[in-house]
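Here are my notes on the structure you asked about. Keep the viewer open while you read, and click on each residue as it comes up.

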Amino acid sequence: MASMDTLSELLQDELKDIYDAEKQLTKALPKLAKKATAEDLKEAFEEHLRQTEEHVERLEQAFEHLGIPAKGKKCKGMQNLIAEGEDMIGDAEEDAVRDAVMIAAAQKVEHYEIAAYGTARTWANMLGQDDVASLLEQTLEEEKETDLKLTELAEGFVNQAAAEEGGEEEEARPSRTVRRSSSRSARPAAADRKRR
Ligand SMILES: [Fe+2]
Ligand SMILES: [Fe+2]
């Protein structure tokens with residue numbers, strides 16, 4: 001079992017890692033918002049950018065509680081997730097497919113953050129750093145909500161549209177054309193949702 005001193009160092013290292021990860025995301029999210037075709041997805045990325053800026057501020061408050069300077073340490077995990085996402089997005093030629101790929105990449109990022117914040121929150125609790133634990137918990141909940149929202153978006157329209165676009169290449173099906181967000185709201189009709 002790690003000593004409390006070691007645990008305290010682990011927490012500080014983890015916070016530096018997450019701090020850098022969040023800062024990388026404040027640069028990556030505007031690019032995703034710009035590239036998203038479906039209006040709902042674009043809005044989801046924009047909203048999460050605002051939340052991410054708050055996540056950075058909460059971490060700065062956490063550093064203050066611990067009495068250490070707010071300083072990041074290169075988060076290779078996030079760097080690679082973003083790089084892989086960019087590669088996948090670059091390969092997607094169709095709008096709907098690109099949206100689906102962006103959701104997939106964003107969810108991998110959210111799961112990384114959920115794991116990181118969950119761990120850091122637990123360590124803060126074990127160290128009796130209640131204020132720090134509570135700050136981390138708030139962000140953790142927002143990351144989980146974002147993940148759920150992305151799942152909803154993926155199930156609701158993007159993957160469906162991608163599947164339909166793929167089908168069009170095999171045979172022409174004029175009755176089932178892909179509906180673009182530019183011509184209608186991207187939110188699925190209630191009937192579409194109930195089908196699942
Ligand atoms: Fe975050
Ligand atoms: Fe996030």
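The points below go from the overall fold to the metal sites and then to the packing.

1. First, a caution: this is a predicted model, so read everything here as computed from that prediction. The protein chain has six helices and zero strands, so to speak in a plain α-α-α-α-α-α order from the N terminus on.

2. Next, some overall numbers. Of the 196 residues in the protein chain, 44% count as buried. Now take the contacts with a sequence separation of 6 or more: residues 24 or more positions apart account for 78% of them.

3. Now find the iron ion (ligand 1). Which residues are its protein donors? They are Glu-22, which gives two OE atoms, His-55 through ND1, and Glu-113 and Glu-143 through OE, and they lie 2.0 to 2.5 Å from the ion. Along the sequence, these donor residues follow the spacing E-x32-H-x57-E-x29-E. His-55 belongs to helix α2 (residues 39–66) and Glu-143 to helix α5 (residues 130–170), so this pair ties together parts that are 88 residues apart in sequence.

4. Are these two donors buried or exposed? His-55 has 0% relative accessibility, so it counts as buried. Glu-143 is buried too, with a relative accessible area of 0%.

5. Move on to the iron ion (ligand 2). Its coordinating atoms are NE2 of His-48, two OE atoms of Glu-110, and an OE atom each from Glu-113 and Glu-143, at 1.9 to 2.6 Å. The donor spacing in sequence is H-x61-E-x2-E-x29-E. His-48 sits in helix α2 and Glu-110 in helix α4, so the pair ties together parts that are 62 residues apart in sequence. Both His-48 and Glu-110 are buried.

6. How far apart are the iron ion (ligand 1) and the iron ion (ligand 2)? They lie 3.4 Å apart, and Glu-113 bridges them. Try showing just that residue and the two ions: Glu-113 coordinates both.

7. Now hide the metals and look at the packing. The largest nonpolar core has 26 residues, and Leu-41, Phe-45 and Met-78 touch the most other members. Helices α1 (4–35), α2, α3 (76–91), α4 (95–126) and α5 each supply at least two residues of this core. The largest share, six residues, comes from α1. As background, nonpolar side chains tend to be buried together in soluble globular proteins.

8. Met-78 deserves a click of its own. Leaving out residues up to four places away in sequence, Met-78 touches Ala-21, Gln-24, Leu-25, Val-109, Tyr-112 and Glu-113. That list includes Glu-113, the residue that bridges the iron ions. There is also a second, separate core of 20 residues, and among its members are Tyr-19, Ile-68, Tyr-117 and Ala-133.

9. Finally, compare the directions of α1 and α4. Their axes come within 10 Å and cross at roughly 160°. Angles over 145 degrees count as roughly antiparallel, and α1 and α4 are therefore roughly antiparallel to each other. The crossing of α1 past α4 is left-handed. Residues making the contact include Leu-7, Leu-11, Ile-18 and Glu-22 of α1, and Met-102, Val-109, Glu-113 and Trp-123 of α4. Glu-22 and Glu-113 in that list are also donors of the iron ion (ligand 1).

Technical notes. Residues are numbered from 1 along each chain as its sequence is written. Chains are lettered from A and ligands numbered from 1 in the order in which they are written. This is a predicted model: local features need pLDDT of at least 70, side-chain atom pairs count only at pLDDT 80 or more; totals for chains, interfaces and linings use all residues. Side-chain values use heavy atoms; hydrogens and water are left out. Donors are N, O and S atoms within 2.8 Å of the metal (3.2 Å for Na, K and Ca); water is not among the atoms, so sites may look incomplete. Helices (H or I, at least four residues) and strands (E, at least two) are DSSP runs, numbered from the N terminus. Buried means under 20% relative accessible area, exposed over 50%, partly exposed in between (1.4 Å probe, protein chains only). A nonpolar core is a set of buried Ala, Val, Leu, Ile, Met, Phe, Trp, Tyr and Cys residues joined through side-chain atoms within 4.5 Å. Contact means heavy atoms within 4.5 Å. Axes are lines fitted to C-alpha atoms, for helices over the stretch in contact, and angles run from 0 to 180 degrees between N-to-C directions. Angles under 35 degrees count as roughly parallel, over 145 as roughly antiparallel, 65 to 115 as roughly perpendicular and the rest as oblique. A crossing is left-handed if the near helix is turned anticlockwise from the far one by less than a right angle, and right-handed if clockwise.
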